[in-house]
Structure formats: C-alpha cells, structure tokens
Amino acid sequence: MDCTGAADEVDKTVAAMEKRKPSQSQPGCMDDCKDVGAGCELVKKFQLSRVMLPDDANIMGNVHGGIILKMIEEAGSIVGTRHCNTQNGDRCLAALVRVEKTEFLSPVFIGEVVHVSAEITYTSKHSLEVQVKVIAENILTGAKKLANKAALWYVPCSLQNVDKITEVPPIEYASAEKEEEGRKRYEAQKIDRMETKARGEEAMPPRPNPERHTVGFSQSSLIHLVGPSDCTVVDFVYGGVAMKLMDEVAGIVAARHCNTNIVTASVDAINFHRKIRKGCVVTVTGRLTFVSNRSMEIEVLVDADSLMEKQIGKYRAVSAFFTFISLDKENKPLNVPPLKIEGDDEQKRFEEGKSRYLQNKARRLAEKERQQ
C-alpha cells in the first residue's frame, strides 16, 4: 500500500481516460478511430467504471481486494475477447490463465468510483497480455488515486470447442524494443506457469484443537457449487469469480490470525491450471505460510470436482499467494502476531515465504529508487 511515485501514474492515466470521447458512428470508439479492425485502438483498449457499494466492502468500509480483482479480470476479458474476434474464423472467448504479481497501492472505500482501464500490450500466437490500471475517484472532492496495476494473460477458446485454442491476431507495437520487452515477459510467465503447475501439493487438513496463531488455527476452506451465474457463455468459470473466492478465504485466514481489520496488500502470480466448469464443486483452501512484523502471506489453493463427470476426478484448478496487512481504526498498519511453526513442512513453507517476502521487498526498494 505504498503510494510513493503513484501521483504521476494517476495524472497520466486520468489524462488518457479524459481524452476518450464516444463517436456517433461507433459507440465507445475514439474520434480518431477509422476502422474497427485489428489495428484500431478501440480493439486494444477498454475502460469500465462503477461506484463501490456497501456489499463490496468489509465492516470498516474497505473494499475487498477480490472485488477489484474481479473488475480487473472483467476488463481484461472484454478487451481480449474483442481483439481475438477481429479475425475471420472461429468465434472465441478470452480465458484467463495467469495474473502477474499485483499490489494494492491505495485502499478503496465505499462511495468511491473505480475506473479500470485495460490495454493489450503483447500478443503471441495463442495468448495475449493485458495491462490494467485501476483509478479510484472520490466523487465529492474529485481526488483520484492509483489503486492497482496488474498484468493478465489470456488465451482465446473457441466457442464451438472450448478445449481448442485459436490464434491471436497480432498487434502493432510502438517500437521494436516494446515488442522485445513483451516477448521477454511472455517467456518468463510461461516458465513460471509450468513450474507452478508441477507443484501439486495437497492442502492438508488442520490438526484437531489447534493452538492459537498456528497454521492450523487460521486455516480455512470455502466450498462453492459453480452455477450458471458464475460462468461464461461456454459454461466455464470466470477468472474473476475464482479470484474473488480466493480473496475471501485469504481474508478469513488473515482475520482469524490477527483478529483485526485486514486488507489485501498484494497478490503473487495467480495461475489458472485448468478450467472449472459449471456443475463443479470447488474447494478453496487458505493457509498461512509466512508472517513478518506487518504482513501475512497466505497460500490459496482451488480444487475442483465435477458432480456430473466423476471420471474426471478432483484436480487443482488455481493457486496463488495473497499478502494481507492488519489495520487499526485509522487504517494505519498494525504489527501482526508471530506465526507458531509446527513440523518440518510448515518450516519449509515458512522459509520459502520468507524468501519471496525479501525478494518482493528488494524489488519495491529498487522501484522506489528508480522513481526518485
């Protein structure tokens, strides 16, 4: 939730959004759009906005991170689907496969308007990268703040056969350097997704009568039957729905551990390993892996089990690490109770979480130095 250096981002993003004026002939298209084809900026960019309501927030008025993640995914899915359907051939739907690490830079509150701007920044033969910025606006004062930035990866699934991945139309890049940067991001996320998929560790049930501040004490699970309202037109779950459930479970784990107001601070890469279809029962499990003085890392695993196709069996669908912080009544960070480690497995996960924590801390410091 470090907002240092975010002011320039807000100014640039707000200025870009305010330049967009709907055309009479093409609703939602910019005035200089000449053709709704693969080269049109309308196809590469999309913005959605809505006011935050009480149902979107916790009892302290902080909007749930899962709500923001869901809006981010919706914007990405729309711009990705539009772009992938500019070519002739199978009609398709952009399906989320990965969300890169994203940080919640500023808290969002009830009554604020959230503007989500999504832009396609890289395309490979079968996938596309969408970068998203989230601006929160206080409609009483007009003040705007950068709440979140995220990068998402989608693949186009044919509407005729959702297991078929169609080709992605290429985009034009501002320079060869931009294209090369995108290619490097693509290769890096592809390797990380394969490595994460190989880790198929099961979520162990907590020990009976666990001691307070242990992993078992706060470990929580949510069971959800996937219905039509959770799904796309081809009957698999929206990525944003899964992320919202994951954030809810992680929030319960964090609240149980520290017994205070908690908010999502960041999310490490979210990997969607397999589709979740309508009629599946999903089990979302969260457990603490690492605790620092001011933050809690929570591993969240999503397993799916079809009620109608038992031959498929239970499988790992999504995995990620969420980081939460504890806040007082003035929304200032509080110290977090230490985590009591029990056993070699918990110690191993704690050390791995500590390594991620130190790497992320070093990355943030390096980013701050570059901005100064």
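How much area does the chain expose, and what share of it do carbon and sulfur atoms supply? I looked this up before anything else. The exposed area is about 18,600 Å², and carbon and sulfur atoms account for 52% of it. I note here that the model is predicted.

**Entry: overall make-up**

I listed the secondary structure and found 7 helices and 13 strands in the chain. I then checked burial: 51% of the 372 residues count as buried. I also looked at contacts between residues at least 6 apart in sequence, and 74% of these join residues at least 24 apart.

**Entry: nonpolar cores**

I searched for nonpolar cores. The largest has 74 residues, and the members with the most contacts inside it are Met246, Ile270, Ile276, Met296 and Phe322. Helix α6, residues 239–258, gives this core its largest share, 10 residues. Where does the core lie relative to the domains? It lies between domain 1 (40–195) and domain 2 (211–371), because both give residues to it.

I took Phe322 as an example and left aside its neighbours within four places in sequence. Its contacts include Leu69, Met243, Met246, Asp247, Ala250 and Thr264. Ser266, Val267, Met296, Glu297, Ile298 and Val300 are also among the contacts of Phe322.

I recorded a second, separate core as well. This one has 11 residues, among them Trp153, Val162, Val234 and Phe236.

**Entry: helix α7**

I looked up helix α7, which covers residues 344–371 and has 28 residues. From first C-alpha to last, α7 reaches 41 Å, close to the 40 Å expected at 1.5 Å a residue.

Which residues of α7 are buried? I found Glu346, Arg349, Phe350, Gly353, Arg356 and Asn360. I then asked what covers these buried residues of α7; the cover includes helix α5 (215–218) and the strands β10 (280–291), β11 (296–306) and β12 (315–327).

**Entry: Ser218 in α5**

Since α5 came up as cover for α7, I looked at Ser218, which is placed in helix α5. Is Ser218 buried or exposed? Ser218 counts as buried, because its relative accessibility is 1% and the cut-off for buried is under 20%. Leaving aside neighbours within four places in sequence, I find Ser218 in contact with Val253, Arg256, His257 and Leu288.

**Entry: aromatic pairs**

I ran through the aromatic pairs; a search of the whole structure finds 6. For Phe290 and Phe350 I noted ring centres 4.9 Å apart and planes at 55°, so this pair is tilted. Phe290 sits in strand β10 and Phe350 in helix α7, so the pair links distant parts of the chain, 60 residues apart.

I checked the burial of both partners. Phe290 has a relative accessible area of 6% and is buried. Phe350 counts as buried too, at 16% relative accessibility.

Phe290 also pairs with Tyr357: the ring centres are 5.3 Å apart and the planes are at 40°, so I entered this pair as tilted. Because Phe290 lies in strand β10 and Tyr357 in helix α7, the pair ties together parts that are 67 residues apart in sequence. Tyr357 has 26% relative accessibility and counts as partly exposed.

Last, I noted a cluster in which ring pairs link Tyr122, Trp153, Tyr173 and Tyr186. Trp153 is also listed in the second core.

Note on methods: Residues numbered from 1 in each chain as written. Predicted model: local features only at pLDDT ≥ 70, side-chain atom pairs only at ≥ 80, totals over all residues. Heavy atoms only, no water. Helix = DSSP H or I, 4+ residues; strand = E, 2+ residues; numbered from the N terminus. Buried < 20%, exposed > 50% of the residue type's maximum accessible area, 1.4 Å probe, protein only. Contact = heavy atoms within 4.5 Å. Areas by Shrake-Rupley, 256 points an atom, 1.4 Å probe, with all protein chains shown as cover. Expected span 1.5 Å × (residues − 1). Core = buried A, V, L, I, M, F, W, Y, C linked by side-chain atoms within 4.5 Å. Domains from an automatic or database assignment. Phe/Tyr/Trp six-rings, centres within 6.5 Å; stacked < 30°, edge-to-face > 60°.
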